[in-house]
Amino acid sequence: MFEHVDAYPGDPILTLNENFQKDPRSRKVNLSIGIYFDADGQIPVMHAVRDAEAALKIGAKPYLPMVGMDAYRDGVQSLVFGADHPARAAGRIATVQTLGGSGALKVGADFIRRYFPNAQVWLSDPSWENHRFIFERAGFTVNTYPYYDAATGGLKFDVMLASIDALPKGSVVLLHACCHNPTGVDLDEAQWQKLIDVLETRELLPFVDMAYQGFGAGLDSDAFAVREIARRGLPAFIANSFSKNFSLYGERVGGLSVVCEDADAAARVLGQLASAVRSNYSSPPLHGAQIVAAVLSSPALRRQWEEELASMCRRIARMRQTIHDGLRDHVQGEALTRYVKQRGMFTYTGLTEPQVAALRDEHGVYVLRSGRMCVAGLNDSNVGIVADAIAAVLKSGV
C-alpha cells in the first residue's frame with residue numbers, strides 16, 4: 001500500500017536540533033533552533049506569564065469557537081495594529097486565533113488558494129524554510145525575489161524593489177515584518193514606504209509574517225510595515241506569533257489577520273477563515289490563549305511583560321556585541337559588522353557549508369548549514385567558546 005511513499009528527509013532545523021541532543025560533548029552549543037534562551041541557557045518563564053497563569057481559574061475546558069477566544073483576538077489586533085488604528089475602528093480587520101505563526105500561514109495559504117487559485121507566491125531569497133513548504137503543500141507555485149546581499153551582509157533593496165515591481169497583478173508577496181529569518185536584515189521605514197507604493201500600484205497581495213514583534217526596534221516600530229499597509233488601505237494577510245515574545249513555544253499561540261476594504265468584506269472573510277479552521281483542526285487550544293489575553297488586557301501585566309521583553313532584547317544585543325568583539329582579530333569588514341548591524345534573534349554569519357560542518361563536528365557548535373546563527377542561544381558561558389570555534393574554523397582554511 002505505501003511502497004510509493006518517499007522517506008521524509010527531515011526538517012533541516014528540527015533534525016539538527018535532534019542531533020544536538022544526541023551529542024555527548026559537554027561543551028556543545030546549540031545555535032540552530034529559533035528559541036530564546038536566558039543567561040543560564042534555559043527557556044525563561046516570563047514573570048508576567050507566570051502571574052497570569054497563576055491567576056487563571058482552571059475549571060472546565062470547553063472547545064473554543066472556530067475563530068478563537070474573543071479577548072485573545074482583540075488582544076492580537078491591538079498589539080499588531082495598535083489599539084487605535086483606523087482599520088480597527090472601521091471593522092476592516094478579520095482576525096482568527098491559530099496554532100502559532102505556522103498555523104496562521106497555513107490557514108491563510110488555504111484561504112488564498114481557494115479564492116485566488118491562479119496566484120503564485122513570492123518569497124525573499126532566502127526565507128524561512130517552512131514558508132516554501134507551507135505554500136507548496138497548499139498547491140501554490142512558489143518563486144523568490146532578491147533580498148540578501150552575501151557580499152555586504154545587507155539588503156539588495158533596489159534589485160528587490162525592481163523585481164517585485166515586475167510581478168503579475170494579484171501575486172502573493174511574503175514579507176517579514178521585522179527580524180528577518182534567517183538573515184537578520186530588515187528594511188527601514190523609508191524602504192518600506194517605497195515597497196508599499198509598489199505593492200499598491202501593482203495590485204499585489206502582501207502576506208506579512210511577524211513572528212518576532214518586539215525583538216527588533218520595539219513593539220510599535222517592529223509593526224510599522226503592517227500598520228502602514230493597513231493605514232493605506234491595502235488588502236493584506238498578517239501572521240503573528242506569541243511563541244517567542246511570550247516564550248510560549250509549546251502552547252502554539254498565534255493569529256491570522258486579514259485587512260479588508262470594508263467591514264462587510266471583513267465579516268465574510270472571517271466566516272471563510274472559520275471554515276478553513278474547521279476543516280483543518282476545528283478549533284484552537286485554550287490555555288495559551290487565556291494567558292496571552294490576560295497579559296494583554298491587564299495594564300499591570302502588560303507593562304511587566306513589555307519590560308521583560310525589552311530586557312531579553314538588550315541581552316541579545318549584548319551577546320551580539322560580545323561575539324563581535326571576540327571575532328575582531330579574526331574577521332574584518334562586513335563579515336564582522338554584520339554581527340551588530342543585523343538584528344533580532346538571527347545572524348547570517350557568512351560561514352560556508354564546509355565551515356558549518358567543521359564547526360559542528362570539531363567544536364560541537366551547531367548552526368544551520370546556511371550559516372544562520374541563533375544569537376539568542378549565546379550567553380556569557382558559551383559566547384567565548386563559539387567565538388574561538390569560529391576563529392579556529394576560519395584559520396583552518398576549510
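The expected span of a helix is 1.5 Å times one less than its number of residues. Keep that rule handy, because helix H11 puts it to use: its 16 residues, 263–278, should span 22 Å, and its end C-alpha atoms are indeed 22 Å apart. One thing to remember as you look around is that this is a predicted model.

**Helix H11**
- Right at the start of H11, Asp262 uses a side-chain oxygen to come within 3.2 Å of the backbone nitrogen of Asp264.
- The buried residues of this helix are Ala265, Ala266, Val269, Leu273, Ala274, Ala276 and Val277.
- If you wonder about the spacing in such lists, an α-helix has 3.6 residues a turn, so residues three or four places apart point the same way.
- Which elements help cover the buried residues of H11? Among them are strand S2 (93–99), helix H5 (100–115) and strand S10 (253–259).

**Helix H5 meets helix H6**
- H5 packs against helix H6 (residues 129–137) at about 30 degrees, and their axes are 9 Å apart.
- The crossing of H5 past H6 is right-handed.
- On the H5 side the contact is made by Ser102, Leu105, Lys106 and Ala109, while H6 brings in Asn130, His131, Ile134 and Phe135.

**A look at Ser102**
- Ser102 sits in helix H5 and touches Trp128, Asn130, Ile134 and Arg252, once you skip residues up to four places away in sequence.
- Is Ser102 buried or partly exposed? Its relative accessibility is 24%, so Ser102 counts as partly exposed.
- Ser102 and Leu56 are 46 residues apart in sequence, and 26 Å separates their C-alpha atoms in space.

**The nonpolar cores**
- The largest nonpolar core has 109 residues, and the ones touching the most other members are Met160, Ile164, Phe215, Trp305 and Ile323.
- Helix H13 (residues 299–326) gives the most to this core, chipping in 8 residues.
- There's also a second, separate core of 34 residues, including Ala94, Leu123, Leu205 and Val258.
- Back to Ile164: leaving out neighbours within four places in sequence, Ile164 is in contact with Tyr145, Val173, Leu195, Val198, Leu199, Arg202 and Leu204.

**Asn382 in its loop**
- Asn382 lies in the loop that runs between strand S13 (372–374) and helix H16 (383–396).
- Why does Asn382 count as buried? Buried means under 20% relative accessible area, and Asn382 has 10%, so Asn382 is buried.
- The side chain of Asn382 reaches the backbone oxygen of Gly377 at 3.2 Å.
- Beyond its neighbours within four places in sequence, Asn382 is in contact with Val29 and Gly377.

Definitions and conventions. Residues are numbered from 1 along each chain as its sequence is written. This is a predicted model: local features need pLDDT of at least 70, side-chain atom pairs count only at pLDDT 80 or more; totals for chains, interfaces and linings use all residues. Side-chain values use heavy atoms; hydrogens and water are left out. Helices (H or I, at least four residues) and strands (E, at least two) are DSSP runs, numbered from the N terminus. Buried means under 20% relative accessible area, exposed over 50%, partly exposed in between (1.4 Å probe, protein chains only). Contact means heavy atoms within 4.5 Å. A polar contact is a pair of N or O atoms within 3.5 Å; within protein, one must be able to donate a hydrogen and the other to accept it, and residues adjacent in sequence count only if both atoms are side-chain atoms. A nonpolar core is a set of buried Ala, Val, Leu, Ile, Met, Phe, Trp, Tyr and Cys residues joined through side-chain atoms within 4.5 Å. Axes are lines fitted to C-alpha atoms, for helices over the stretch in contact, and angles run from 0 to 180 degrees between N-to-C directions. A crossing is left-handed if the near helix is turned anticlockwise from the far one by less than a right angle, and right-handed if clockwise.
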